[in-house]
Amino acid sequence: MIIMNKRNLFFFISAWLLSTLLPAQNVTISTPHTQLLLSVPNGGTPELLYYGLRTSDADIRSICETTRGRNAYPVYGMGYPCETALSVRHADGNLTLQMAVIGVKETRLTEENATLTVIELKDKVYPFFVNICYKAWQDADVIETWTEIRHEEKKPVQLQQFASAYLPVRRGNVWLAHLSGAWANEGQLCQEALQQGMKVIKNTDGVRNSQSAHAEVMFSLDGKPQENTGRVIGAALCYSGNYKLRIDTQEDDWHHFLAGINEENSWYNLKKEEVFRTPALALTYSDEGMSGCSRKFYQWARLHKLANGNTYRKILLNSWEGVYFDINEQGMDQMMGDIAAMGGELFVMDDGWFGDKYPRKNDSYALGDWTVDKTKLPGGLQSLLDNARKHGIRFGIWLEPEMANTQSELYEKHPEWIIKAPEREVVCARGGTQVVLDLSNPQVQDFIVQTVDGLMNSYPDIDYIKWDANMSIITQGSQYLTKDNQSHLNIEYHRGFENVCRRIRTNHPQLTIQACASGGGRVNYGVLPYFDEFWTSDNTDALQRIYIQWGTSYFFPAIGMGAHISASPNHQTSRSVPLKFRIDVAMSGRLGMEIQPKNMTEEEKALCRNAIAEYKTIRPVVQFGDIYRLLSPYDKQGAASLMYVSPEKDKAVFYWWKTEHFCNQHLPRVKMAGLAPDKYYKVHELNRIDTEPLKFEGKSFSGAYLNDNGLEIPATHRVEPSKQNEYASRVLYLEEDSRSNI
């Protein structure tokens with residue numbers, strides 16, 4: 001005889017009613033060119049059947065009839081031996097889950113031009129629920145997927161592992177591409193064949209998450225990755241905090257890919273009726289290689305994931321490498337006048353402008369005290385804004401709002417606002433006094449929002465904020481969170497950070513904000529909905545920037561990639577690189593300058609003035625065009641090359657940089673890509689320094705010829721002997737010729 005208590009009887013009857021009301025079904029989730037198919041049997045396990053290019057209704061029926069699927073969100077404890085997406089500890093100590101489908105909801109999100117599909121699951125015994133969510137954009141080939149977890153148990157349930165999503169990748173000759181690095185060496189491309197065993201990519205920094213590794217990957221399904229051919233799956237976790245990507249390859253026919261928040265030291269005590277939403281994993285698919293995947297990410301980013309993604313980015317001069325902390329009113333005015341004279345549009349005053357009791361003379365003082373240092377700037381910010389207006393440019397400013405120094409008025413007033421482990425001493429970092437503010441604390445969140453609001457309300461003409469974050473969470477503990485929820489810190493910090501960013505962006509939608517975090521520490525799609533651009537790296541060395549920007553370009557568009565012309569010798573590598581080469585590298589991103597113009601010669605200023613004017617011509621193509629990577633610097637063939645093509649395919653910009661310098665060197669001829677075969681394109685070299693033009697200057701070639709053959713790029717420049725050096729670079733602007741209409 002089976003005895004049921006009232007609770008079990010209620011859920012049994014509920015499940016039976018749902019199973020009789022909801023028939024088994026297959027779910028199709030579509031973007032303009034991609035499709036995800038699932039089997040969703042009522043009362044059973046949801047299964048992934050297919051992810052790839054959009055296919056016909058007849059194929060969908062056949063796939064659903066013949067394909068054995070994989071569990072769409074595997075959970076721990078009942079008959080699943082592989083890595084799982086979700087594991088919990090129920091209030092009674094039970095460690096198992098057994099989830100079954102209880103419903104499917106589909107909604108059209110008209111304002112966002114997307115569809116939302118929610119597969120509702122419930123444990124077969126416990127009142128524990130998971131919604132698997134799929135958001136399919138109808139104007140971009142990206143599907144975002146995440147989960148929403150809740151329960152109705154009497155006491156908290158401990159979430160021990162809580163991935164956003166799971167995707168099976170069929171084994172074969174599958175290669176993984178991902179980004180690794182370190183400070184001043186971010187975005188390094190890594191490519192490897194997936195082998196048996198476990199591959200883990202993770203972050204534990206607490207504040208920044210894209211310096212040592214990235215939460216974005218590509219799977220090349222047809223062997224070693226190719227740029228413009230082959231089937232590729234792209235995945236990007238949209239999260240600003242600690243993450244973990246797992247690829248489990250064991251004895252079956254699949255690579256099991258799971259992505260989500262890094263659960264290490266971050267188990268989460270989920271209260272009754274509280275909803276825990278995991279960050280979205282963005283998926284795209286292309287049969288046009290890795291560049292094809294990049295183009296899909298770019299379109300999605302500009303439309304939906306980058307603040308003001310449809311607005312040109314200004315050409316700026318940032319003061320940091322020009323003067324460092326040596327801020328003064330006369331010097332700022334001089335730099336504004338110089339960038340304005342070269343055609344720039346914005347001046348950004350970096351670190352060193354603030355502090356009263358503790359003046360910001362170096363990085364040991366004043367973080368949190370966002371008041372002007374009147375000894376440096378007696379006229380205050382208004383005088384600087386007046387000077388910017390006088391020069392006909394806009395003005396921006398540097399902030400590090402999430403941080404404080406122990407030598408600051410803020411710390412003296414609110415020592416309880418910093419991240420500090422209970423019963424432990426304060427642990428400091430950068431400058432020996434820097435600490436991280438505890439963004440899990442709503443008072444800290446309010447302080448940061450009020451700081452930005454106060455600045456903008458007092459000085460509404462401020463056009464740009466460089467938002468920096470130069471410290472990790474190096475002590476695990478919160479003075480705000482309760483003792484039994486200390487493990488929530490890494491999660492609550494980024495919930496607080498997102499809340500701050502959302503409020504600031506709501507209050508100041510047109511303000512340009514750059515995400516900087518010791519350089520490229522915050523290049524991720526969890527941050528970018530609130531930021532217009534990112535600082536790619538603190539390393540401005542042009543040769544190394546080719547590699548950094550190349551890797552970053554796999555997932556992030558040029559419109560968001562800060563790329564600056566800096567001094568020679570370079571301040572980070574001490575390498576001497578000619579100005580022409582530095583310009584040509586910077587022009588492949590959002591062009592800016594990181595230099596003291598008064599130290600430049602008139603000839604150098606003239607070269608920059610010309611480059612800025614020419615960048616304004618090509619800016620629409622670079623910032624809104626489709627990328628085609630042609631020759632990788634990582635292939636060590638002596639050169640690197642890429643190009644951007646306008647959506648209408650009437651204009652293109654081709655970049656070529658020599659990366660190695662040897663005598664009697666044989667460099668490959670680079671074929672172009674993305675041009676319309678039946679159009680003709682007139683070639684014009686930008687930033688020319690040669691004493692005579694290239695042989696193909698002003699000539700027209702068909703897109704078919706350029707795609708199949710490219711052009712022969714000289715390995716040296718023809719310049720006066722005194723100006724000859726080992727570097728060479730070219731930027732070619734291609735415009736549709738009238739012969740295209742013949």
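**Rings, cores and sheets in a predicted model**

Me: Which residues form one aromatic cluster with Phe-297?
Reply: This is a predicted model: local features need pLDDT of at least 70, side-chain atom pairs count only at pLDDT 80 or more, and totals for chains, interfaces and linings use all residues. Residues are numbered from 1 along each chain as its sequence is written, and side-chain values use heavy atoms, without hydrogens and water. Rings of Phe, Tyr and Trp (its six-membered ring) pair if their centres lie within 6.5 Å; planes under 30 degrees apart count as stacked, over 60 as edge-to-face and the rest as tilted. The partners of Phe-297 in the cluster are Trp-300, Tyr-525, Phe-534, Phe-555 and Phe-556.

Me: How do the planes of Trp-320 and Tyr-324 lie in their aromatic pair, stacked or edge-to-face?
Reply: The structure holds 28 aromatic pairs. In the pair of Trp-320 and Tyr-324, the centres are 4.9 Å apart and the planes make 80°. An angle over 60 degrees has its own class, so this pair is edge-to-face.

Me: Are Trp-320 and Tyr-324 buried or partly exposed?
Reply: Buried means under 20% relative accessible area, exposed over 50%, and partly exposed in between (1.4 Å probe, protein chains only). Trp-320 has 21% relative accessibility and Tyr-324 has 29%. By these cut-offs Trp-320 and Tyr-324 are both partly exposed.

Me: How many residues apart are Trp-467 and Phe-531, which form a pair?
Reply: Trp-467 and Phe-531 are edge-to-face, at 6.0 Å centre to centre and 85° between the planes. Trp-467 is buried, with a relative accessible area of 2%, and Phe-531 is buried at 2% as well. Helices (H or I, at least four residues) and strands (E, at least two) are DSSP runs, numbered from the N terminus. The pair links strand S26 (residues 462–467) to the loop between strand S27 (512–515) and strand S28 (533–535), and its members are apart by 64 residues.

Me: Which residues have the most contacts inside the largest nonpolar core?
Reply: A nonpolar core is a set of buried Ala, Val, Leu, Ile, Met, Phe, Trp, Tyr and Cys residues joined through side-chain atoms within 4.5 Å. The largest one here has 136 residues, and its largest share, 9 residues, comes from helix H12 (residues 602–624). Apart from it lies another core of 64 residues, including Val-130 and Tyr-239. Within the largest core, the residues with the most contacts are Met-349 and Trp-353.

Me: Which side chain has a polar contact with that of Glu-120?
Reply: Glu-120 lies in strand S7 (residues 114–123) and counts as buried because its relative accessibility is 17%. Leaving aside neighbours within four places in sequence, its contacts (heavy atoms within 4.5 Å) include Val-104, Val-130 and Asn-131. A polar contact is a pair of N or O atoms within 3.5 Å; within protein, one must be able to donate a hydrogen and the other to accept it, and residues adjacent in sequence count only if both atoms are side-chain atoms. At 3.4 Å, the polar partner of Glu-120 is Lys-105.

Me: Which strands stand at the edges of the sheet S31-S32-S33-S36-S34-S35?
Reply: This open sheet has 6 strands with antiparallel pairing, where two strands pair if DSSP finds at least two bridges between them. Each edge strand has a single partner strand, so one side of each is left without a neighbour in the sheet. These edge strands are S31 (626–631) and S35 (700–702).

Me: Which residue is the bridge partner of Ile-627 in S32?
Reply: S31 and strand S32 (residues 639–645) pair in the antiparallel sense over 5 bridges. In S32, the partner of Ile-627 is Tyr-644.

Me: How many of the 14 residues of strand S10 (residues 157–170) are buried?
Reply: S10 pairs antiparallel with strand S5 (residues 86–89) over 4 bridges, with strand S18 (residues 268–270) over 3 and with strand S17 (residues 254–261) over 7. Strand S10 is largely enclosed by the rest of the structure, because the number of its buried residues is 11.

Me: What is the omega of the cis peptide bond between Ser-568 and Pro-569?
Reply: Most peptide bonds are trans. Pro-569 sits in the loop between strand S29 (561–566) and H11. The bond joining Ser-568 to Pro-569 is cis, with an omega of about 0°.
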